[in-house]
Amino acid sequence: MRPAADALVENVLVLRTLGAPERRFLGRNKPRTLKDADAEPVEPEPVPTARATIVRPAPFASADEAAAWLASADTADELDAAVAVLNRALHAHRVAAADPYVTEVSPERALVARIGYGGGDAVADGRFSEALELPRSGRRRAKRSMEAPEERFAALLGGREAALPAEELVLRARADLGAGRLAEAALQARVAIEALLAAEVAAAESGRAGASLTAHREAISEAANAALRGTPPDSTAALEEAIGAMEQALKRHRMSDG
């Protein structure tokens, strides 16, 4: 993978599908009828999993150097960097396939996460000379919050609450910003802040909080206009502040409704 056509290779991405059912069992092209007389429960279909391996293009000079790297590696940073590479590939696949349902992933969604070193062919096949397997609990670094997402989830499904359009738009802007897609982030943020200011949230956001949202409006508009001209902003600071302000406004809205 390269950042540009004339740039050096930054990473090698190897994808494998594991545990896929044999193709001869996938030929059913008619619905299967299940009758009440079938006492036995229907067995779940086997689910294939995917393994993504991100390999650095430049090898270590020696096994000792590789071992020293692994011993001192910041596993959280390494995992975040690997997920960023994978998400770049998923984004490219979504665009190339014109499939809006190809989604990006987070470290928490991985069944297993390992960081290690080894020979090129072996590592590509998921085998390491030495590796660290990260515990699932170690991948969750969310901050403590007074919010109760499970209760709101139930309220949304039960029709007791309705999600604001701005909520989804802000999430998309945050994902684009986190992936370094500044043009997309600016455009999403522009629509998000307009939706937020037009909603009832704007009336509740009086005083300093409301003024903060309005103050970010011009900066977001300038960034979005630059993106439309093909010159996205060089700095993420203004977008980071604006998206953060919208996230805080939505959090206060959720807390006030809770």
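How many residues line the second largest pocket, and which of them lie nearest its centre? In this predicted model, local features need pLDDT of at least 70 and side-chain atom pairs count only at pLDDT 80 or more, while totals for chains, interfaces and linings use all residues. Residues are numbered from 1 along each chain as its sequence is written, and side-chain values use heavy atoms, with hydrogens and water left out.

The second largest pocket (on a 1 Å grid over the protein atoms alone, an open set of points where a 1.4 Å probe fits, with protein on both sides within 12 Å along at least five of seven lines) is lined by 50 residues (those with an atom within 4 Å of a point), and Ala52, Thr53, Ile54, Ala82 and Arg114 lie nearest its centre. Its volume, the space filled by probe spheres set on the points, is about 1600 Å³. Helix α2 (75–97) gives the most to this lining, with ten residues.

Helix α5 (residues 165–178) and helix α6 (residues 182–198), both DSSP runs (H or I) of at least four residues, pack at about 160° with their axes, lines fitted to C-alpha atoms over the stretch in contact, 8 Å apart. The two helices α5 and α6 are therefore roughly antiparallel, a term for angles over 145 degrees on a scale from 0 to 180 between N-to-C directions.

How values were computed. Parallel < 35°, antiparallel > 145°, perpendicular 65-115°, else oblique.
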